[in-house]
Each structure stands twice: as C-alpha cells, then as structure tokens.
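Student: Hey, can we look at a protein model together? I'd like to start with one residue and then zoom out.

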Amino acid sequence: MNDFIISADGKQQGDMANGNLSVVTQFLFVSFSECLEVRVSLFFLVLVLYLITLVGNVVIITITVVDPALCSPLYFFLRNLSFLEIGYTSSTIPKMLVNFLSKDKSISFLGCATQMYFFTFLGITECCLLAAMAYNRYVAICHPLRYSSMMSRSVCLQLSAVAWLIGLLVALGQTTFIFILPFCGPNSLNHFFCDLPPLLKLACADTYRNEISIYTICVLFIMVPFLLILVSYVRILYAILKIPSDTGRSKTFSTCSSHLIVVTLFYGSGIMTYLRPKSSYSLHIDKLLSLFYTVVSPMLNPLIYSLRNKEVKEALRRVIVRKIFILTEETTFSPNCLFFPPYTKGAMENQTTLAEFTLVGFGSHPELQVFLSVLFLVLYTVTLVGNVGMITIISADSRLHTPMYFFLKNLSFLDLCYSSVIAPKALLCFSMGHRAISYNGCAAQMFFFSLFGTTETFILAVMAYDRFAAICNPLRYPITMSKTACVCLVVGSYLSGCLNCSIQTGFTFTLSFCGPGKIDHFFCDVPAVMQASCSDTFANEMAMLAVCGFIIVSTGLVVLISYGYIITTVMRIPSAEGRRRAFSTCTTHLVAVSLFYGTILFMYAQPGAISSPDQSKVVSVFYTIVIPMLNPLIYSLRNKEMKEALRRQLRKKGFFPLSSLKV
C-alpha cells in the first residue's frame, strides 16, 4: 500500500509504480500585488462595492415585492436578476476580501470546485434570464394586446424555471469537465477566484477536448441567448420606428434602455473573457475583466434600474413615505404577488384574519383516536430511546470517532428533532382533542420540520459520498474526509435546510387565511396549510414543487452516482468475501435512503391533482414517526461495529456479566 503525505505546497504525494505522482489538494491564489498598501486599498474598494451591490439589489427585491404597482412580469424578472447578482457576487467576493489581507491565500480542491459551480450556475442563469427579459420587452411593445396572455403568470414562471435549470445543468457539466482533469502541480492559480481558463492552464493532461467542450457550451449558452436578445431588439426597434410621434417613440424606447445597458455591460465583459481567441489570452487582462463583471457590473445594475426607471423611483418614494413596510389602513399587499393587483380594503372587509388554525388530524375516524394515541406514544418513545442511544454510544466509544459515525450521529440528532416537532402535538390531538394551534405556532412547526427534514436529505447524500470516498479512494480517504471537510459538509447541510425552510415558510405564510382555518392534517405541513388559504396558491405550489424537486433530484443524484461508482469498484474485487464485506458497509445506509427518499418523493414531488388528504396523512405518519424509529434499529441491528460498541458500553456499566453478554 502506498504511503501518502501532504506536502507544504498543498500536494498529495505517493510512490507509484512508474515514479512519483503529486496530486494537488489545494490551490494558491496569486496576489494582485505584493505591496500591502495596494492590497489594503483594494480590500476597502472591493468591500465598498460589494456592500453597495448587496444593499442595492436587496432594495430592488424589497421594492418589487412590497409595491403593488411593480407586480408585473418586468419586475418579476428584475427581482430574479437582483437575486442572481447577490448570489454570484457572494460566491467570489468574500474569499477575495480574505485573500487581500490574509497570508494564507489557499483554497481547497473541493472549495475551488464548489466556487466554480455556483459562479457558473448563477452566471449562466443570468444570461438566460436577460434573454427572457428581452423577450418580455418584445411582447410588451410588439404585441401589446396579447401581452397579458403571452406573458401570463405560468409563462413567466416557466421562463424563469428554464433559465435556472439551464444554469444548473451547464454548471454541472462545466465543473465536471474541469475537475476530472488531473492537477499534479504547480498549484498557483493566477486569478482571484476559480475560473475556467486559469484552471485549465494548471491541468497536467491534454486539455484539448475539455477546451473544445467548454468552448462549445459557452458559445451555445452565451451566444444563443445573446442572439435572442439581438433579434428581440431588432423587432422592438422596427416597431418603435413605426410610432408616428417623437414622444411616443421616446417613451417606448425608455422602457428598454435600462435593460440594454445591463446587457451590454454583462455580455461585453463575458464575451471578452470567455470567447476571445486563445492567442490573445492574457491572465492580467482576464483578471481585470473578471473584476469588472464580478464586482462592478452587479453594483451598477440596481443603480441603472433605479436611476433610469421612473416606476422604480416612484415606488421607492412610496415605500420611504410609508416608513418601509408599514402599510396604510387602506391597502393590504400580498408580498408574493406576481403581477395581479393587491387586495384592497373593500375586497377584504368581509374576510377575517385568523389567529389560530384547527388541525383536523384523523378526526373523520373517531374510532381510531385511542389506537393512534397509543401507537404514536410507543413509536415516539422508541424513537427517543433509539436515537439518544445511538448518539450516546457514538460519543462514548472512541472507536466510532470516524466520519461515518460522525454523520450517523448527526442523522440521529435530526431524527430526534424532527419527530419531536410533530409527535407531542399529534399526541395532544389524538388523546385529549386539543386540535387548535396558533398562527405563530403553526409557522414555527412548519419552519423547524422543514429545517430538520431538508437537512436530513442532505446528510443522507453526504453519507453516500462518504461511502464512495471510503471504498473508491481508500488511500485518500483521510484527506478527503478530514475533520474540517466533515464539519463543512454538515454545516452546509444545515445551511441548505435553513435556506429551504425559510423559503417554504415565508412563501406559505404570505398567503391570506380568512377562514375557517381548518388544516386537514395532524401537523402544519406545507400542502395542507396552502389548501386552507383563501389566496391563489398557484405560484406557491410551483415554487414548492421547484424547490423540493431540486433538493430531491440533486441529492438523489449524488446518492445514485456515489453508489454507481461503489458498485463498479466492488465488482472489481476478486474475492467474494471482499465484495461482501465492502457491500456490508453500505447496506444500512441504502435501506435508510430508500425509506426516506421513497416517502419524501411520493409526498412532495407528485402533482397535487393525484394526491389526497388521507393518503398524505398516512404517508406522513410513516416518514415523521416510523422512519426516525427505524433508523437506529437499522444501523444497530445490521452494523457489527455498533453492536460491538454497545456490548463494550454495557460491559463498562456492569449491567451484565461478561460471560452472558451477547449482542
């Protein structure tokens, strides 16, 4: 077996049959300047620009959400654009600011891949979104009578969803094409973030095919949207020139000028960076261009759309007059409006604002209440004992202080928490008939259930990746799954869960609830609460389907790809005993994944038309109570190390004589 060490310059070294091989495990960013004064000046300059970017885009998002006059397709797309600007600047600038003042300018291999993925994802999505905005202007000017039907709510959502999906897939392909290349040194990255051209220069293999693939994808997904924008504006210009009055032409063209400036800034710098001939490529010029489109352009966009847009300036004035978010008594706004008028006082005067909800539970089956009370109590008790036992054993036994059991401990904690969010209230409903839950209590229950449930989805994907690293790359396993990497993966899972639950709870509780306030479920789940709303929930349903679909599909793909590699590797093991032992480390996780993903997919990724409340409640019992109870049993009964650890802990406590203790 080869002995691997990490060298001071961030390379993993080992003796191979044909000589020495160095594998880069981190990259080092080359500083803009060795002069401290220059770096400090750049730090404050970029920091100020970044803060202006954040504030400006947050203001644009807030205004377009709060002001009913801006609930139109144009500002729906502008809101998406501002969100993208915040995202893709935040993927590069924080690390750049750290590098300006820090001596350690390194970034891990995984961190570099992650940064490239999100930067590419959000950048390509912006390309497509700018094309959608150009099409929106074309329809508004060239087909004004058909505008409401051609740019309906569903069409806008579809255009936005397609833009995000294209960005997701392109980023996945680009990042994969880059990071399947071997990087064996040097590891100095002459850039301030992990971008495609400088990384290709560091690869120690023939990058011709990768360059052709990347160039083709860039042409397709940068130039095609750009051509759509050009065609749209040619048609717009042709329509404007037919307008007889100068005032009419000026007024019509003013609705496009802001978008044209943004397109010119974004596409100009993007094309100069990625689509110019390789012979004219210069790292210094590339860094300056990258600085422009990653820092300056996102900062200018909200200024362009606010200073050159009369409607935005009027909306900002109205919001300031209302002292930000303090609404008048005459109008109640729906924050998730797309382009329909807000609810007015006259329209709402016969509606009642709910202070609490009523959980129907299994109220249509009164004969089941006692049985359900006993069943939930037994299952919840077993869940508590089993998961607390798992956490205790893993924490107490030093032999289980490995990445696999670190993730398993987090899984047990999540099972413990998200069953505790549901079971106590459900027991009160079944046993004592206390079905009322306050408005804030319902929101809190939904928030924490979504937080822990989504985090568990990501943890299961992380556990699959851990098994892939252990079986497919055993020599690099201590490096790949270091303590820092494990903590980062868990923290990332919790942050993803927090982001999702904020979106889901925020979207759901911006709806109007005007009675009777009955939730046909035994807890505040998103679909059931939306059914109790008296608002149009189409946009919320589409958002929930998109978010849940993305989470389930992305994490599910991680699991499937990991186990695809695992199976391929295991089948190469010559001995049957070796294959059996390798598979045995994965079977418990596969069972847990199948149970959890199966029920979640059935529950949240099916169209609403084919779901029923009774079916949803039965499935919910399974994944909220039964699965958290089964997980510790699966991981203990089918895991030899856990059984040995339990035996050692019982022996230490002296509960059984050593000779009679069999687990």
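Tutor: Sure, here is a short chat about one residue, its helix and the nonpolar cores.
Tutor: This is a predicted model, where local features need pLDDT of at least 70, side-chain atom pairs count only at pLDDT 80 or more, and totals for chains, interfaces and linings use all residues. Residues are numbered from 1 along each chain as its sequence is written, and side-chain values use heavy atoms, with hydrogens and water left out.

Student: Okay, where is Thr454?
Tutor: Thr454 sits in helix H15, residues 439–472. Helices here are DSSP runs of H or I, at least four residues, numbered from the N terminus.

Student: Is Thr454 buried or exposed?
Tutor: Thr454 counts as buried because its relative accessibility is 8%. Buried means under 20% relative accessible area, with a 1.4 Å probe and protein chains only.

Student: What does Thr454 touch further along the sequence?
Tutor: Leaving out residues up to four places away, Thr454 touches Ser496, Gly497, Asn500 and Ile551. Touching, or contact, means heavy atoms within 4.5 Å.

Student: And how much of H15 is buried?
Tutor: H15 is mostly covered, with 26 of its 34 residues buried.

Student: New topic: which residues touch the most other members of the largest nonpolar core?
Tutor: That core has 87 residues, and Phe27, Leu130, Ile178, Phe179, Phe183, Leu199 and Tyr267 touch the most other members. A nonpolar core is a set of buried Ala, Val, Leu, Ile, Met, Phe, Trp, Tyr and Cys residues joined through side-chain atoms within 4.5 Å.

Student: Which helix gives the largest share of this core?
Tutor: Helix H4, residues 109–142, with 18 residues.

Methods
Helix = DSSP H or I, 4+ residues; strand = E, 2+ residues; numbered from the N terminus. Buried < 20%, exposed > 50% of the residue type's maximum accessible area, 1.4 Å probe, protein only.
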